[in-house]
Amino acid sequence: MSSAGTVGARLEPPEPGLTQDEMVARAVGLRPRLVADQEATEHRTYYSQEMHEAFLAAGFYHLYVPRRYGGYEFDVLTYVRVVQEIARGCVSTAWCVGLAMNHALMVGSWWPQEAQDAIFAGGDFRCASVAAPVGRATRTDDGWEINGQVAFASGSPWSTFYMGQALLPPADGADPSDPPPMLLFVAPRREWEMLDDWGDMLGLKGSGSHSIRFSGTRIPASWGFAGNMLDVEVGGGTPGSRLHGNPMYSGRAVSIFTISLAAVTVGAAYNALDDYERLMRERKTPLPPFIPRIEDPDYQRWYGRALTHIATAEAAVHKAAERHMELCRRNVEDGIPYSFGDDMLLAGIAREAMLMCWRVVDEDIWQTVGASVARDRDRTQRVFRDMAVAAAHRNLQLRDMFYGDIGRAALGQPRVVRGG
């Protein structure tokens with residue numbers, strides 16, 4: 001599972017001098033190609049080999065990978081900006097690549113050096129993940145065996161690894177009402193099968209959110225540990241923050257996952273607004289005196305309202321990314337734990353931004369742009385469909401439950417443990 005001579009080596013990033021702003025600029029530069037590829041991406045159910053090679057050349061997959069293993073080790077705000085710009089060209093592609101990029105941060109944080117040395121050694125880390133358990137895990141003489149199947153593994157077509165959870169056998173004498181124990185694990189691509197079952201959704205057809213099957217999957221012992229990815233204890237630091245000397249690798253996951261989705265939806269809202277502006281410049285008002293839409297006070301007001309709402313959501317997501325970094329820093333440097341409540345609140349902010357972006361696309365843009373954009377292959381129609389599916393994501397469906405978690409944490413009340 002690793003190559004001799006590379007395990008634990010301190011490799012240089014592919015472009016040691018690349019800056020965060022330059023990486024973001026590369027994402028902006030790809031926008032015309034992303035827009036042009038939208039229809040083909042939906043038909044294929046994931047982005048093309050050519051786009052994959054462009055992402056490799058741009059260094060996107062290395063964004064969160066620790067410098068120790070040849071990555072850039074850029075911060076969360078850089079990730080948000082890159083994914084947002086990709087979504088401004090193609091929402092499905094941003095969902096697919098963003099979630100394949102995202103999980104290097106968790107693996108670089110929580111797994112021990114022995115596992116990281118092997119997982120990152122090949123210099124080609126891209127990782128799908130789903131919070132739902134894939135099935136069951138059992139201990140073997142030299143590691144773990146995993147069996148089961150999980151749906152909605154976004155980013156799986158281009159992933160070289162999968163990070164997930166599997167149910168462990170309950171401890172002897174455990175209360176049946178207790179939440180089942182779980183194994184948090186990483187498995188290489190050769191140990192799982194991606195199913196050809198994506199593309200029939202209303203939107204996000206090109207997000208590569210295929211199901212993954214585990215049949216006798218075997219991983220080394222250090223590649224799995226008992227835990228729940230939604231509540232990994234990180235107080236005082238983690239194996240990753242100590243290994244890499246960077247507090248960024250001491251964070252929790254719910255905020256990071258939700259921020260990643262919010263980055264996509266902010267970019268998606270800008271995507272729809274870009275097309276709205278194009279139509280304002282090209283078309284006239286539907287009623288006399290038939291002037292260019294860009295000169296019409298109503299369209300100007302609708303455009304300004306949409307822009308204000310998107311910019312507000314963008315500011316919230318960017319601030320949440322910065323706040324996450326600060327919580328990681330003080331966790332390691334000041335001894336102030338990054339708590340469950342901190343994680344839930346940041347995720348809640350990102351979740352509200354997602355809802356705001358959906359309302360922009362639905363109310364500010366869709367209800368004023370005109371029905372002619374509802375045709376197949378139209379850019380605005382595609383963004384509307386993508387956002388409709390994003391708005392139905394379970395992360396948003398459970399927001400009322402999460403409000404309770406946020407409130408109890410802020411009020412110092414006991415947590416509600418779910419499961420069983």
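Across the protein chain of this predicted model, pLDDT averages 95, and 97% of the residues score at least 70. One stretch stands apart: over residues 1-9 pLDDT stays under 50, and the model has 15 contacts there beyond four places in sequence. Where pLDDT is low, the predicted coordinates should not be read in detail. Please keep that in mind if your eye lands on residues 1-9, where pLDDT is under 50.

Let us begin the tour with strand 4, which runs over residues 161-167. Strand 4 has partners to look for. With strand 1 (residues 127-129), strand 4 pairs in the parallel sense, over 3 bridges. To find that pairing on screen, look for serine 129, whose bridge partner in strand 4 is methionine 163. With strand 5 (residues 182-188), strand 4 pairs in the antiparallel sense, over 7 bridges. Here a good landmark is leucine 167, which stands opposite methionine 182 of strand 5.

Now look at the side chains. In a regular strand the side chains alternate between the two faces of the sheet. In strand 4, Phe161, Met163, Gln165 and Leu167 point one way, while Tyr162, Gly164 and Ala166 point the other way. Are these residues buried or exposed? Both sets are buried, and the count for strand 4 is 7 of 7 residues.

From the strands we can move on to helix 10, residues 254-282. Its 29 residues should span 42 Å at 1.5 Å a residue, and the end C-alpha atoms are indeed 42 Å apart, so the two values agree. Of the 29 residues in helix 10, 24 are buried, so the helix is largely enclosed by the rest of the structure.

Following the chain onward brings us to the loop between helix 10 and helix 11 (297-333), where proline 289 sits. Proline 289 is joined to proline 288 by a cis peptide bond, with omega about 15°. The loop between helix 10 and helix 11 also holds phenylalanine 290. Phenylalanine 290 is not a glycine, yet its phi is positive, at about 55°. With a relative accessible area of 45%, phenylalanine 290 counts as partly exposed.

Further along is another loop, between helix 12 and helix 13, and arginine 377 lies in it. Arginine 377 is another residue other than glycine with a positive phi, in this case near 75°. Its relative accessibility is 58%, so arginine 377 counts as exposed.

Just beyond, we reach helix 13. At the start of helix 13, a side-chain oxygen of aspartate 378 comes to within 3.0 Å of the backbone nitrogen of threonine 380. The 13 residues of helix 13 should span 18 Å at 1.5 Å a residue, which agrees with the 18 Å between its end C-alpha atoms. How many of the 13 residues of helix 13 are buried? The count is 11, so helix 13 is largely enclosed by the rest of the structure. Among the buried residues are Thr380, Val383, Phe384, Met387 and Ala390. What do the buried residues of helix 13 pack against? Their neighbours are helix 2 (31-36), helix 3 (38-44), helix 6 (91-102), helix 10, helix 12 (340-369) and helix 14 (394-397).

Arginine 379 is a good residue to zoom in on, and its place is in helix 13. Because its relative accessible area is 18%, arginine 379 counts as buried. The side chain of arginine 379 reaches the backbone oxygen of arginine 88, at 3.4 Å. Neighbours within four places in sequence aside, arginine 379 is in contact with Val35, Gln38, Arg88, Asn271, Asp274 and Asp275.

To finish, consider the cysteines. A disulfide is a covalent bond between the sulfur atoms of two cysteines. How many disulfides does a search of the whole structure find? The search finds 0. Cysteine 328, for example, is in no disulfide, and the nearest cysteine sulfur, belonging to cysteine 127, is 19 Å away. Cysteine 328 is also buried, with a relative accessible area of 0%. Why does the sulfur of cysteine 357 form no bond with the closest cysteine sulfur? That closest sulfur is in cysteine 90 and lies 17 Å away, which is too far for a bond. Cysteine 357, with a relative accessible area of 0%, is buried.

Definitions and conventions
Residues numbered from 1 in each chain as written. Predicted model: local features only at pLDDT ≥ 70, side-chain atom pairs only at ≥ 80, totals over all residues. Heavy atoms only, no water. Helix = DSSP H or I, 4+ residues; strand = E, 2+ residues; numbered from the N terminus. Buried < 20%, exposed > 50% of the residue type's maximum accessible area, 1.4 Å probe, protein only. Polar contact = N/O pair within 3.5 Å; in protein donor to acceptor, adjacent residues only side chain to side chain. Contact = heavy atoms within 4.5 Å. Pairing = 2+ DSSP bridges. Disulfide = S-S within 2.5 Å. Expected span 1.5 Å × (residues − 1). pLDDT = per-residue confidence, 0-100.
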